[in-house]
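Got your viewer open and a hand on the mouse? Let's walk through this one stop at a time, selecting as we go.

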Amino acid sequence: AIALIGLAFTILIDNVFGIAVSAKYDTFSLSKFIQKNFIKVAIYGSCIIMCMFLEKGANDTWFIISRVLISLAAGAEFLSALANMTIMCPNVPFLKLLRKLLINEIAAKLNIKKHEVEVFLYNKEQNKCRKKYENQKSKL
C-alpha cells in the first residue's frame, strides 16, 4: 500500500510541475492533460495488477516483483517531475547537477532538439526564475 501511495504522490508532483510548465509556455490543454493521465494510470495500473496476479499464483505473500515495478514507475515519474522543475527554474544547483541526466526528457517536453536545451534554459527572456534566483543569491 505504501508503494502505491508513493507512486500516486510522484504522479501528483509530476502533474503539478507539468501544469506549471505548460502554463508558463501557454501550452496547457485540460483535455490533453486528462487524456495523458488516464492513459498513464491505465498503463501503470494494468501492468501492476497483471504482475500481482502472476505473483499471487506463485506465492500468496511475496510481492517483490510488483514492488519493484511500482518503484520503477515512481522513478520514471520522479525523473519527469525533475525535468519539469528544471524547465521552470534551470539555475537551482541541485537541478543543474542532474541536467545531463534529464536532457532527453527536457527536450521531449519542450519539443526541441537535445543540443538546443542548454540554449533554451539560459534564454533570459523566457526564464524569470533565473533572475529571481540570482537576486536572492546576491542578497545573501
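A word we'll need right away: a residue is called buried when its relative accessible area is under 20%, exposed when that value is over 50%, and partly exposed in between. Also keep in mind that you're looking at a predicted model.

**Stop 1: the bent helix**

Select residues 93-110, which make up helix α4. How far apart are the end C-alpha atoms of this helix? A straight helix of 18 residues would span 26 Å, but α4 spans only 21 Å. Now click on Leu101: α4 bends there by about 75°.

Next, colour the buried residues of α4: Leu95, Leu98, Arg99, Leu102, Ile103, Ile106, Ala107 and Leu110. What covers them? Show α3 (64-88) and α5 (117-121), which are among the parts that do the covering. Before you leave, step just past the end of α4 to Asn111, which takes a positive phi of about 60°.

**Stop 2: a charged pair on α4**

Stay with Arg99 and show its side chain together with that of Glu118. These two meet in a salt bridge, 3.5 Å from N to O. Arg99 sits in helix α4 and Glu118 in helix α5, so the pair ties together parts that are 19 residues apart in sequence. Are the two partners buried or exposed? Arg99 has a relative accessible area of 4%, so it is buried. Glu118 comes out at 25%, so it counts as partly exposed.

Some background for this stop: side chains of opposite charge can pair when their charged atoms come close.

**Stop 3: a charged network**

The structure holds 4 salt bridges. For another one, select Lys40 and Asp14, whose side chains meet at 3.4 Å, N to O. This pair links distant parts of the chain: Lys40 is in helix α2 (residues 30-58) and Asp14 in helix α1 (residues 2-24), 26 residues apart. Both Lys40 and Asp14 are buried.

Keep Lys40 selected and add Glu77. Their side chains also meet in a salt bridge, at 3.1 Å from N to O. Lys40 belongs to helix α2 and Glu77 to helix α3, so this pair ties together parts that are 37 residues apart in sequence. How accessible is Lys40? Its relative accessibility is 18%, so it counts as buried. Glu77, with a relative accessible area of 4%, is buried as well.

Now show the three side chains together: salt bridges that share partners join Asp14, Lys40 and Glu77 into one network.

**Stop 4: along α2**

Zoom out to see all of α2. At 1.5 Å a residue, its 29 residues should span 42 Å, and its end C-alpha atoms are 42 Å apart, which agrees. The buried residues in α2 are Asn37, Lys40, Tyr44, Ile48, Cys51 and Glu55. Turn on α1 and α3 too, since what covers those buried residues includes both helices.

**Stop 5: two cysteines**

While you're on α2, pick Cys51 and then Cys47. Why is there no bond between their sulfurs? The sulfur of Cys47 is 8.9 Å from the closest cysteine sulfur, in Cys51, and that is too far for a bond. A disulfide needs the sulfur atoms within 2.5 Å, and the count for this structure is 0 disulfides. The two also sit in differing surroundings: Cys47 counts as partly exposed at 34% relative accessibility, while Cys51 counts as buried at 11%.

**Stop 6: ring pairs**

Last stop! There are 2 aromatic pairs to find. Start with Tyr25 and Phe120: their ring centres are 5.5 Å apart and their planes are at 50°, so the pair is tilted. Tyr25 is in the loop between α1 and α2 and Phe120 is in helix α5, so the pair ties together parts that are 95 residues apart in sequence. Phe120 is buried, with a relative accessible area of 17%.

Then select Phe28 and Phe33. They form a tilted aromatic pair too, at 5.9 Å centre to centre and 45° between the planes. Phe28 is partly exposed, with a relative accessible area of 38%, and Phe33 is partly exposed at 24%.

How values were computed. Residues numbered from 1 in each chain as written. Predicted model: local features only at pLDDT ≥ 70, side-chain atom pairs only at ≥ 80, totals over all residues. Heavy atoms only, no water. Helix = DSSP H or I, 4+ residues; strand = E, 2+ residues; numbered from the N terminus. Expected span 1.5 Å × (residues − 1). Bend = angle between axes of the 7 residues up to and from the residue. Buried < 20%, exposed > 50% of the residue type's maximum accessible area, 1.4 Å probe, protein only. Contact = heavy atoms within 4.5 Å. Phe/Tyr/Trp six-rings, centres within 6.5 Å; stacked < 30°, edge-to-face > 60°.
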